[in-house]
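Reader: Please take a close look at one part of this model, the cysteines and whether their sulfurs are paired or unpaired, and set that part in the context of the whole chain.

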Amino acid sequence: MGLKDIQDRIAKAEADSGRVAGSTTLIAVSKVQPNARVEAVLQQGQRVFGENKVQEAQGKWPGFRDSYQGIELHLIGPLQTNKVRAAMEIAQAIHTVDRPKLAQTIARIAQETGACPKLFVQVNTGEEPQKAGVLPADVDQLVAECRAMDLPVVGLMCIPPADEEPAVHFALLRKFAERNGLAGLSMGMSGDFETAIAFGATHVRVGSAIFGERDYG
Ligand SMILES: *Cc1c(COP(=O)(O)O)cnc(C)c1O
């Protein structure tokens, strides 16, 4: 547990799979965590963080940005169109582009402001009805639509079904990314980030293994 341990495990997973050292970006998922825990990780030098709610990010990160340079915030939760503007103001990357309407809204605001976070298209690899993400059959189309609007799509993201072998889903996501000429792969969480690295993850999203369990009470 803890940042150092996760960094060591990432380095080992990279070495074990013959990958370049440092080719995986660790996103420390700080959602719901108390500020004191987040600050401790900032003090250890971590600068890339993930949040899944715009409002929570707005409450937490402007203050930390006043005290720490170089913070990069990744939005990894479902995004409603009415929160897009706020999301684009606070985040340097959005991992959850999953429908044309959302892409269109992002494009319109990017045109207006002249700035856009890096984007990942979220894929519902398990085709779970309750889960966000574009269906596998529609991935290529959505990526093409984003590109037609000049959106900076850098990769794909997935959250495998809880009760299935994650490797199958990581392999699928990589296949979709390669087919679309996308280099970024946002996959792997506390329980499976080493497997994700073996399958080529460029971004792993690790929360509880760094910060401890989230207390939703
Ligand atoms: C919460 C969350 C994570 C981190 O989960 P842990 O199991 O705590 O590592 C990763 N990705 C997404 C999309 C999340 O919502």
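Author: Among contacts in the protein chain of this predicted model between residues at least 6 apart in sequence, 58% join residues at least 24 apart. The chain holds nine helices and eight strands. Its radius of gyration is 17 Å, close to the 17 Å that the globule rule gives for 217 residues, so the chain is as compact as a globular protein of that length. Along the principal axes, the C-alpha trace spans about 40 × 40 × 35 Å. Of the 217 residues, 51% are buried.

Now the cysteines. A disulfide requires two cysteine sulfur atoms within 2.5 Å, and the count by this rule is zero. For Cys146, the closest cysteine sulfur belongs to Cys116 and lies 9.4 Å away, which is too far for a bond. Cys146 has 0% relative accessibility and therefore counts as buried. Cys158 has its closest cysteine sulfur in Cys146, at 17 Å, and that too is too far for a bond. Cys158 also counts as buried, because its relative accessibility is 0%. The cut-off for buried is under 20% relative accessible area.

As for the outside of the chain, the accessible surface comes to about 10000 Å², and carbon and sulfur atoms account for 50% of that area. The charged side chains number 23 positive and 26 negative, and the centres of these two sets lie 3 Å apart.

In short, the sulfurs of Cys146 and Cys116 are 9.4 Å apart, those of Cys158 and Cys146 are 17 Å apart, and the model has zero disulfides.

Methods. Residues numbered from 1 in each chain as written. Predicted model: local features only at pLDDT ≥ 70, side-chain atom pairs only at ≥ 80, totals over all residues. Heavy atoms only, no water. Helix = DSSP H or I, 4+ residues; strand = E, 2+ residues; numbered from the N terminus. Rg over C-alpha atoms; globule rule 2.2 N^0.38 Å. Buried < 20%, exposed > 50% of the residue type's maximum accessible area, 1.4 Å probe, protein only. Contact = heavy atoms within 4.5 Å. Areas by Shrake-Rupley, 256 points an atom, 1.4 Å probe, with all protein chains shown as cover. Lys, Arg positive; Asp, Glu negative; His and termini not counted. Charge placed at Lys NZ, Arg CZ, Asp CG, Glu CD.
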